[in-house]
Amino acid sequence: MRACLLRIRELEPRVQAWAFLDEDHALAQARAADDLKRTGAPIGPLHGVPVGIKDIFDTADLPTERGSALCAGRTPSRDAAAVALLRAAGAVILGKTVTTEFASAAPGKTRNPHDPERTPGGSSSGSAAAVAAGMVPLAIGSQTNGSVIRPAAFCGVVGFKPTHGLIPRAGMLMVSRTLDQPGVFARTILDAALIAEQLVAFDERDPDTRPRARIPFREVAAEEPPLPPVLAFIKTPRWESADEEMKEAFLELAGSLDARVEEVELFPSAAQAWDWHQAIMDAETAASLEQEWEKGRERLSNAVREQIERGRKTSATDYLRALRWVPRLWESFAELFEQRYDAILTPAAPGPAPRNLASTGDPSFCTPWTLCGMPALTLPLLRTAAGLPLGVQLVGPRDGDARLLRTARWLAAEVASSSAD
């Protein structure tokens, strides 16, 4: 904990990843963890490990202000389900990381650790930047469009968004029940597997969770695949928006994997995924933030106001049509996996982090997988000529999270071997 705090003191003025941090409280938790271990009492798999918490997850001992002036001074009396699970596993809550306003597109203060003139992505900007800067080994965030995968890609860390419904969202700011999905940040695949494994649970307050047996993410991720995986390289209709360096890097990556990668065209019905996602996200955000809109719309950023206004204008027909198409879209992806492929290979973002602090970047390479609630993971396997991270995104079938982690570890090993050659 002292090492993490020292690193924060050194880099926080440049990176600005933290929304709230109390060093004395963090050290007191670490001492309590030390004391517990000395007693010989059972300890959890994350015992004493510092974790950063995106400031949309309620914490009973720390403020939760959701990145908004409307929530300034908000102090919940109960931990979010994810925070309670982390504490039960022995984790030490280091502090609250910066989120964009109400986990939307309105940027916060955080800068990219690789270049302070570039965005860290969003909305889980502080979590990604804090892990990338070595301030904390693990952090949690959330994704409604690309808010785990994109910042992880921009900051050069592992980002993992499990299947929708695996991690309970009780006590987390809910902007879209259909799309909101918690995720994790780490520096390695096995670390991401370790923290994600502690977060899977049933919570009756989140109707999208269900009772299930423990999923051994880390154990499966550490195994060798029984057969070499086959990846479906899907460019998506957004491929033309990718910059040339990203396109060249991905084509080289696909070529280096030879027979293990096959380019696959996205089926025609998926072309509307982005429109369906927009209709659902806008309508549900407008409904979720109705109270904030009624009481303090003048205190909201332009980005949040515009999204709520779009949502209030979304027709019930468009919203329900989009909801109706999601299961059909997922069924088409399920067939793809069942027929041949272990995972989908696709960019995490159009390129490296943009040099633009007024935006969190383009999330469109994440949209269809988030819409379908599929597990997604980004790996910092590629770099630009200037040394900036380029994220490689892998997507798996729903409830295929452990196998996706295993495939990701295989891919990382293949790339490392190819680079060594």
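Strands β5 and β6 (residues 181–186) pair in the antiparallel sense over three bridges, where two strands count as paired if DSSP finds at least two bridges between them. The model is predicted, so local features need pLDDT of at least 70 and side-chain atom pairs count only at pLDDT 80 or more, while totals for chains, interfaces and linings use all residues. Residues are numbered from 1 along each chain as its sequence is written, and side-chain values use heavy atoms, with hydrogens and water left out. Strands (E, at least two residues) and helices (H or I, at least four) are DSSP runs, numbered from the N terminus.

Within the pairing of β5 and β6, G159 stands opposite F185 of β6. Strand β5 also has a partner in β10: the two run antiparallel and are joined by three bridges. Here F160 stands opposite L377 in β10. Strand β5 spans residues 158–161, and both of its faces are covered. V158 and F160 lie on one side, G159 and K161 lie on the other, and all are buried. Buried means under 20% relative accessible area, exposed means over 50%, and partly exposed lies in between, with a 1.4 Å probe and protein chains only.

These strands belong to an open sheet of 11 strands with mixed pairing. Its order is β1-β3-β2-β4-β6-β5-β10-β11-β9-β7-β8. The edges are β1 (18–21) and β8 (261–263); each has a single partner strand, so one side of each is left without a neighbour in the sheet. From one strand to the next the twist averages 30 degrees.

At one edge, β1 pairs with strand β3 (residues 92–97) in the antiparallel sense, over three bridges. W18 has T97 of β3 as its bridge partner. Strand β3 also pairs with β2, this time in the parallel sense and over five bridges. The bridge partner of I53 in β3 is K96. Strand β2 (residues 50–54) is mostly covered, with five of its five residues buried. P50, G52 and K54 point one way from the strand, and V51 and I53 point the other way.

Which helix packs on the sheet, touching β7, β8, β9, β10 and β11? This is helix α8 (residues 244–256). The strands concerned are β7 (231–233), β8, β9 (343–347), β10 (376–383) and β11 (389–395). The direction of α8 makes about 55 degrees with that of β11. Axes are lines fitted to C-alpha atoms, for helices over the stretch in contact, and angles run from 0 to 180 degrees between N-to-C directions.

Two other helices pack against each other. Helix α9 (residues 273–288) and helix α11 (residues 302–313) meet at an angle of about 100 degrees, with their axes 7 Å apart. They are therefore roughly perpendicular, a term for angles of 65 to 115 degrees; under 35 counts as roughly parallel, over 145 as roughly antiparallel and the rest as oblique. Contact means heavy atoms within 4.5 Å. On the α9 side the contact is made by Q278, M281, D282, A283, T285 and A286, and on the α11 side by Q307, I308, R310, G311 and R312.

Helix α6 (residues 189–199) is mostly covered, with nine of its 11 residues buried. Among them are I189, A192, L194 and E197.

Two threonines show contacts across the sequence. T407 lies in helix α14 (residues 401–420) and counts as buried, at 5% relative accessibility. Leaving aside neighbours within four places in sequence, T407 is in contact with P229, L231, D342, A343 and L394. T360 lies in the loop between β9 and α13 (367–371). T360 is buried too, with a relative accessible area of 6%. Not counting residues up to four places away in sequence, T360 touches T100, A105, P107, T119, G121, G122, R150 and F154. T360 and R150 are 210 residues apart in sequence but 8.8 Å apart in space, C-alpha to C-alpha.

The cysteines come last. A disulfide is a pair of cysteine sulfur atoms within 2.5 Å, and by this rule the count comes to zero. Why does C366 form no bond with C372? The sulfur of C366 is 13 Å from the sulfur of C372, the closest cysteine sulfur, which is too far for a bond. C366 counts as buried because its relative accessibility is 0%. C71 also counts as buried, at 9% relative accessibility.
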